[in-house]
Amino acid sequence: MNGLALVWDDKQHTLIAVSEGRPVASVGWLLRNMAFDGSPRRAAGLGDVLVHPAHRSQGIARTVISVSVEHARAAGAETMILLCRPDLVPLYTQLGWSRLSVPVTFQQPDGARTSPLTTMIYDLADLPHPTISVDLGGLPF
């Protein structure tokens, strides 16, 4: 994602998985107000999902993402959202996330931009998915 030349927001929360005293995976998330079809919604932005190559295909990503979802729900998030590389869409789909097909905008130092990445959404409060647009309400995560 660094090749996109975007300025990314800092995460408010980081979860780290440790095996034998060494970090093997991490995930970050933040909580903020976003606009879904122009209406405010308390949402959590998930990002920085990393798993050490030697520990991939063991379900660690599934675990840290699931724990992050539950922490975000407990913190009051109604929805979770993430910007995703296309090759990771199947992983998130298997975890119950859905792909959004509406424009997603976020801020950059030079102004608002439309996301070039696939956006995935995970509902936490039985709210409808947006049908017009999403504004992340700040920098991407």
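**Figure 1. The whole protein, from core to surface.** Buried residues make up 40% of the 141 residues in this protein, where buried means under 20% relative accessible area, exposed means over 50%, and partly exposed is in between (1.4 Å probe, protein chains only). Please keep in mind that this is a predicted model, in which local features need pLDDT of at least 70 and side-chain atom pairs count only at pLDDT 80 or more, while totals for chains, interfaces and linings use all residues. Residues are numbered from 1 along each chain as its sequence is written, and side-chain values use heavy atoms, with hydrogens and water left out. The protein has 2 helices and 9 strands; these are DSSP runs numbered from the N terminus, with helices (H or I) of at least four residues and strands (E) of at least two. Walking along the sequence, you meet them in the pattern β-β-β-α-β-α-β-β-β-β-β.

**Figure 2. The overall dimensions, contacts and charges.** How far does the C-alpha trace span along its principal axes? The answer is about 45 × 35 × 25 Å. The radius of gyration is 15 Å, which agrees with the value near 14 Å for a compact globule of 141 residues; this radius is taken over C-alpha atoms, and the globule rule is 2.2 Å times the number of residues to the power 0.38. Among contacts with a separation of 6 or more, 66% link residues 24 or more positions apart; a contact means heavy atoms within 4.5 Å. The protein exposes about 7,600 Å², and carbon and sulfur atoms supply 51% of that area (Shrake-Rupley method with a 1.4 Å probe; for residues, only the protein chains shown count as cover). There are 11 positive and 12 negative charges, and their mean positions are 5 Å apart. Here Lys and Arg count as positive and Asp and Glu as negative, while His and the chain ends are not counted; each charge is placed at NZ of Lys, CZ of Arg, CG of Asp or CD of Glu.

**Figure 3. The aromatic cluster of Tyr92, Trp97 and Tyr122.** A search of the whole structure finds 2 aromatic pairs. Rings of Phe, Tyr and Trp (its six-membered ring) pair if their centres lie within 6.5 Å; planes under 30 degrees apart count as stacked, over 60 as edge-to-face and the rest as tilted. Tyrosine 92 and tryptophan 97 have ring centres 5.8 Å apart and planes at 75°, so this pair is edge-to-face. Are these two residues buried or exposed? Tyrosine 92 is buried, with a relative accessible area of 4%, and tryptophan 97 is buried at 3%. Tryptophan 97 also pairs with tyrosine 122, in a tilted arrangement with 5.4 Å from centre to centre and 45° between the planes. Because tryptophan 97 sits in the loop between helix H2 (89-94) and strand S5 (98-99), and tyrosine 122 in strand S8 (residues 118-123), this pair ties together parts that are 25 residues apart in sequence. Tyr92, Trp97 and Tyr122 form one aromatic cluster.

**Figure 4. Serine 26 and its surroundings.** Serine 26 lies in strand S2 (residues 22-36). With 18% relative accessibility, serine 26 counts as buried. Which residues does serine 26 touch, not counting residues up to four places away in sequence? They are Leu15, Ile16, Asp48, Val49 and Leu50.

**Figure 5. Glycine 47 and two aspartates with positive phi.** Strand S3 is home to glycine 47, which is buried with a relative accessible area of 7%. Beyond its neighbours within four places in sequence, glycine 47 is in contact with Lys11, Val27, Gly28 and Phe141. Aspartate 48 also lies in strand S3; at 45% relative accessibility, aspartate 48 counts as partly exposed. Although aspartate 48 is not a glycine, its phi is positive, at about 55°. Aspartate 37 has a positive phi of about 55° too, and is likewise not a glycine. The place of aspartate 37 is the loop between S2 and strand S3 (39-51), and at 29% relative accessibility this residue is partly exposed.

**Figure 6. Leucine 6, ahead of the first numbered strand.** Leucine 6 is found in the segment before strand S1 (13-19). Its relative accessibility is 13%, so leucine 6 counts as buried. Not counting residues up to four places away in sequence, leucine 6 touches Phe106, Gln108 and Arg113. From C-alpha to C-alpha, leucine 6 and alanine 77 are 25 Å apart in space, with their places 71 residues apart in sequence given as the separation.
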